[in-house]
Amino acid sequence: MDEPASANGIQWTNAPPAAPGRCYRILSPRPGTPVGGVILGREILGVITHWMDSRTLPCMKVLGHCEGCSAGLPKRWKGYLAILAPGEGRFAILEITEEARRSCEALRDQERNLRGERIMVFRRGTSKRSAVQAQILPFALQPNLPESFDLKEALHRIWRLHWT
Ligand SMILES: [Zn+2]
């Protein structure tokens, strides 16, 4: 009698399993410690967020219920860039605050392709709440700039959301 194919313990598939996604760190500068790297994507990915449980989480109001909105927490725009950050073990996510975006002409220019630009963000003052500024640095083009990773997917993983 033939066994069903699945009963012999062999896991036949027609494609390798999806690689477990890597977790990239979200970088945000501490006073006196700028962070940055080379931008991999073309543009900023912006999200409406709340500061909740000591972390930034996306506002989920479009789903009908948002814990942050229900708790009356203010909404904040946060921008993210996929970057190549050698000091961070290759890839990282750079957080761009609204203030940082405002401080940098290249980031405000929505027509501009940011890929390949070298960016640095830093705090202007000595407090961890002082304003963040962004600066594009002069940079000789890197010939072998890797493709960007999937920034949305990386953020989803950080926020522990599921694709819907
Ligand atoms: Zn909300």
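How many bridges pair strand S3 with S5, and in which sense do the two strands run? This is a predicted model, and in it S3, residues 45–52, pairs with S5 over 5 bridges in the antiparallel sense. Within that pairing, Ile48 has Trp77 of S5 as its bridge partner.

S5 has other partners too. S2 is joined to S5 by 2 bridges and runs antiparallel to S5; here Ile39 is matched with Ile83. S6 also pairs with S5 in the antiparallel sense, over 8 bridges, and Leu81 sits opposite Leu94 of S6. Side by side, the pairings look like this:

| Strand pair | Bridges | Sense | Example pair |
|---|---|---|---|
| S2 and S5 | 2 bridges | antiparallel | Ile39 and Ile83 |
| S3 and S5 | 5 bridges | antiparallel | Ile48 and Trp77 |
| S5 and S6 | 8 bridges | antiparallel | Leu81 and Leu94 |

Now for the core. The largest nonpolar core holds 24 residues, and Ile83, Ile93, Leu94, Ile96 and Val121 have the most contacts inside it. Strands S2 (35–39), S5 (76–85), S6 (90–97), S7 (118–123) and S8 (132–137), along with helix H4 (151–159), each give two or more residues to this core. S5 is the top contributor, with 5 residues. As background, nonpolar side chains tend to be buried together in soluble globular proteins.

What does Val121 touch, leaving out residues up to four places away in sequence? Its contacts include Leu94 and Ile96, as well as Val132, Gln133 and Ala134. Val121 also touches Pro29, Pro34, Val35, Gly36 and Ala100.

Note on methods: Residues are numbered from 1 along each chain as its sequence is written. This is a predicted model: local features need pLDDT of at least 70, side-chain atom pairs count only at pLDDT 80 or more; totals for chains, interfaces and linings use all residues. A nonpolar core is a set of buried Ala, Val, Leu, Ile, Met, Phe, Trp, Tyr and Cys residues joined through C-beta atoms within 7 Å. A residue is buried if 20 or more other C-beta atoms lie within 10 Å of its own, exposed if 12 or fewer, and partly exposed in between; C-beta atoms are placed from the backbone. Helices (H or I, at least four residues) and strands (E, at least two) are DSSP runs, numbered from the N terminus. Two residues are in contact if their C-beta atoms, placed from the backbone, lie within 7 Å. Two strands pair if DSSP finds at least two bridges between them.
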